[in-house]
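Ready for a little practice at reading a protein model? Grab a coffee, open your viewer and work through the exercises at your own pace.

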Amino acid sequence: TQPFGTGAGMGLAAVHGMVAQSDGFIECDSSPGDGTTLRLFFPEATAITASLTPRTVRVQPVLGGVLVVDDDPLLLALTRRMLEKLDYTVIVANSGQRALEMLDASPSDFGLLVTDLTMPNMSGMTLIEQVQQRRPTMPIVAISGFTVDTDVRDALAAKQIRFVPKPFTAEALAQAVAQALTASTG
């Protein structure tokens with residue numbers, strides 16, 4: 001859908017990561033001139049789970065705004081809207097470098113970081129390390145549409161950083177944010 005050489009080429013990789021996280025798989029058929037058909041298969045649900053609405057998650061107050069960092073403009077806008085519906089003030093950055101510039105310029109404006117882990121130029125883990133050097137007590141939530149290897153998951157757990165796999169629901173994001181804010185205050 002984009003001219004050759006202009007896209008990041010990550011769309012199918014992101015889909016594959018999301019399907020793999022759900023223990024599913026993808027079948028692909030492609031014929032020149034006929035197009036491509038992708039079929040996504042997921043395991044059958046075995047239990048009905050109660051769904052939470054965003055308002056059933058107790059919104060924790062945050063001192064300053066929520067800094068959301070993602071290189072995908074659509075996901076950045078979606079995450080922003082989800083958090084604004086929970087009455088958080090949201091500031092966005094499309095790269096790790098831009099996020100650090102904003103944090104350095106106005107450190108008191110930010111009380112929480114929500115960052116993608118897979119971004120060009122500066123990974124989310126590098127951003128997290130830089131933010132923790134500047135603001136060691138700042139609560140952080142990591143998000144990713146890719147399968148996160150065990151070393152990264154272990155590093156996040158050791159730093160007590162909540163992880164939310166993409167695609168996520170507003171409820172899952174709200175819970176991770178509330179848990180991150182609660183952990184940082186108590």
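Below are four exercises, each with a worked solution.

Before you start: this is a predicted model, in which local features need pLDDT of at least 70 and side-chain atom pairs count only at pLDDT 80 or more, while totals for chains, interfaces and linings use all residues. Residues are numbered from 1 along each chain as its sequence is written, and side-chain values use heavy atoms, with hydrogens and water left out.

**Exercise 1. Follow the chain from strand 3 to strand 4 and describe how the two strands are arranged.**

Step 1. Find the elements: helices (H or I, at least four residues) and strands (E, at least two) are DSSP runs, numbered from the N terminus. Strand 3 covers residues 65-69 and strand 4 residues 90-93.

Step 2. Check the pairing, for which DSSP must find at least two bridges between the strands. Here four bridges join them, and the strands run parallel. Look for Val68, which stands opposite Val92 in strand 4.

Step 3. Trace the connection. The chain passes through helix 2 (residues 73-85), giving a right-handed β-α-β crossover. Right-handed means that, with the strands pointing away from the viewer, the path from the first strand over the helix to the second runs clockwise.

**Exercise 2. Work out which side of helix 2 is buried.**

Step 1. Sort residues by relative accessible area: buried is under 20%, exposed over 50%, and partly exposed in between (1.4 Å probe, protein chains only). In helix 2, Leu76, Thr79, Met82 and Leu83 are buried.

Step 2. Place them around the axis. These residues lie on the same side of helix 2 because their arc is only 130°, taken from the directions from the helix axis to the C-beta atoms. On the other side, Pro73, Leu74 and Lys85 are exposed.

Step 3. Inspect the ends. At the N-terminal end, Asp72 acts as a cap, with a side-chain oxygen 2.9 Å from the backbone nitrogen of Leu74. After the helix comes Asp87, with a positive phi near 70°; at 61% relative accessibility, Asp87 is exposed.

**Exercise 3. Describe the surroundings of Lys166.**

Step 1. Locate Lys166: its place is in the loop between strand 7 (162-165) and helix 6 (170-185). Its relative accessibility is 8%, so Lys166 counts as buried.

Step 2. Look for a salt bridge, meaning a side-chain nitrogen of Lys or Arg within 4 Å of a carboxyl oxygen of Asp or Glu. Lys166 forms one with Asp70, the closest N and O atoms being 2.7 Å apart. Asp70 lies in the loop between strand 3 and helix 2, so this pair ties together parts that are 96 residues apart in sequence. Both partners are buried.

Step 3. Check the next peptide bond. Lys166 and Pro167 are joined by a cis peptide bond, with omega about -5°. For context, most peptide bonds are trans.

**Exercise 4. Find the residues that share salt bridges with Arg39.**

Step 1. Start with Glu27, which pairs with Arg39 at 3.5 Å, N to O. Glu27 belongs to strand 1 (residues 25-31) and Arg39 to strand 2 (residues 35-41), so the bridge connects parts twelve residues apart in sequence.

Step 2. Add Asp29, whose side chain meets that of Arg39 in a salt bridge of 2.5 Å, N to O.

Step 3. Join the pairs: Glu27, Asp29 and Arg39 form one network through shared partners.

Step 4. Consider exposure. Glu27 is partly exposed at 34% relative accessibility, Arg39 is partly exposed at 31%, and Asp29 is partly exposed at 41%.

How values were computed. Polar contact = N/O pair within 3.5 Å; in protein donor to acceptor, adjacent residues only side chain to side chain.
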